[in-house]
Amino acid sequence: MNDDANDAVASEVIRLVAEVLAVDPLQLGAYTRAEDVEGWDSLALVRMVFAIESAFPVRLTLAEIEAIDGIAPLIAAARRAVPAG
């Protein structure tokens, strides 16, 4: 997988998370953790997962969802859906 695809995936995930949390995407990054963002609660997480699954052809397991503690795991899940190339 090339770096441009990785950057595009990360940017889109950050955009989606920012939309769910109603914050400026510039306030978020790949290493932003749930406790760093006001409003990141279990309902917001469900909405984030739904947004990721709608934007990328990926389905997260319950175990994967329970392990999400920040944006990095969401990016990793989305990257699984991007073909290598």
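**A walk through a four-helix chain**

Let's start with one residue, R59: its relative accessibility is 57%, so R59 counts as exposed, given that anything over 50% does. Keep in mind that this is a predicted model. You'll find R59 in the loop between α2 and α3 (62–66). Setting aside the neighbours within four places in sequence, R59 is in contact with E53, E64 and R80. With E53 there is a polar link to look for: a polar atom of the R59 side chain lies 3.0 Å from the backbone oxygen of E53. A81 is another landmark for this spot. It sits 22 residues from R59 along the chain, and the C-alpha atoms of the two are separated by 9.3 Å.

Now zoom out to the whole chain. It has 4 helices and 0 strands, and from the N terminus on the order is simply α-α-α-α. The C-alpha trace spans about 35 × 30 × 20 Å along its principal axes. How does the radius of gyration fit with a compact globule? For 85 residues such a globule would come out near 12 Å, and the chain has 12 Å, so the two agree. Of contacts between residues at least 6 apart in sequence, 62% join residues at least 24 apart. As for inside and outside, 42% of the 85 residues are buried. The accessible surface comes to about 5,100 Å², with 56% of that belonging to carbon and sulfur atoms.

Next, step inside. The largest nonpolar core holds 30 residues, and the members that touch the most others are V13, V17, W40 and F56. Two or more core residues come from each of α1 (3–21), α2 (42–55) and α4 (71–79). The top contributor is α1, with 9 residues. V17 makes a handy viewpoint here: leaving out residues up to four places away in sequence, V17 touches L28, W40, M48, I71 and L74.

One of those partners, M48, brings us to α2, where M48 is buried along with A44, L45, V49, A51, I52 and E53. Why might buried residues in a helix recur every few places? An α-helix has 3.6 residues a turn, so residues three or four places apart point the same way. The length of α2 can be checked too: at 1.5 Å a residue, its 14 residues should span 20 Å, and because the end C-alpha atoms are 20 Å apart, the expectation holds. At the N-terminal end of α2, D41 acts as a cap, with a side-chain oxygen 3.3 Å from the backbone nitrogen of L43.

Finally, visit the loop between α1 and α2, where A22 is found. A22 has a phi near 55°, a positive value in a residue that isn't glycine. Most residues other than glycine have a negative phi. Is A22 buried or exposed? With a relative accessible area of 70%, A22 is exposed.

T32 is in the loop between α1 and α2 as well. Its relative accessibility is 12%, so T32 counts as buried, the cut-off being under 20%. A polar atom of the T32 side chain lies 2.7 Å from the backbone nitrogen of G29. Not counting residues up to four places away in sequence, T32 touches Q27, V37, G70 and I71. You've met I71 already, since V17 touches it too.

Notes. Residues numbered from 1 in each chain as written. Predicted model: local features only at pLDDT ≥ 70, side-chain atom pairs only at ≥ 80, totals over all residues. Heavy atoms only, no water. Core = buried A, V, L, I, M, F, W, Y, C linked by side-chain atoms within 4.5 Å. Buried < 20%, exposed > 50% of the residue type's maximum accessible area, 1.4 Å probe, protein only. Contact = heavy atoms within 4.5 Å. Expected span 1.5 Å × (residues − 1). Polar contact = N/O pair within 3.5 Å; in protein donor to acceptor, adjacent residues only side chain to side chain. Rg over C-alpha atoms; globule rule 2.2 N^0.38 Å. Areas by Shrake-Rupley, 256 points an atom, 1.4 Å probe, with all protein chains shown as cover.
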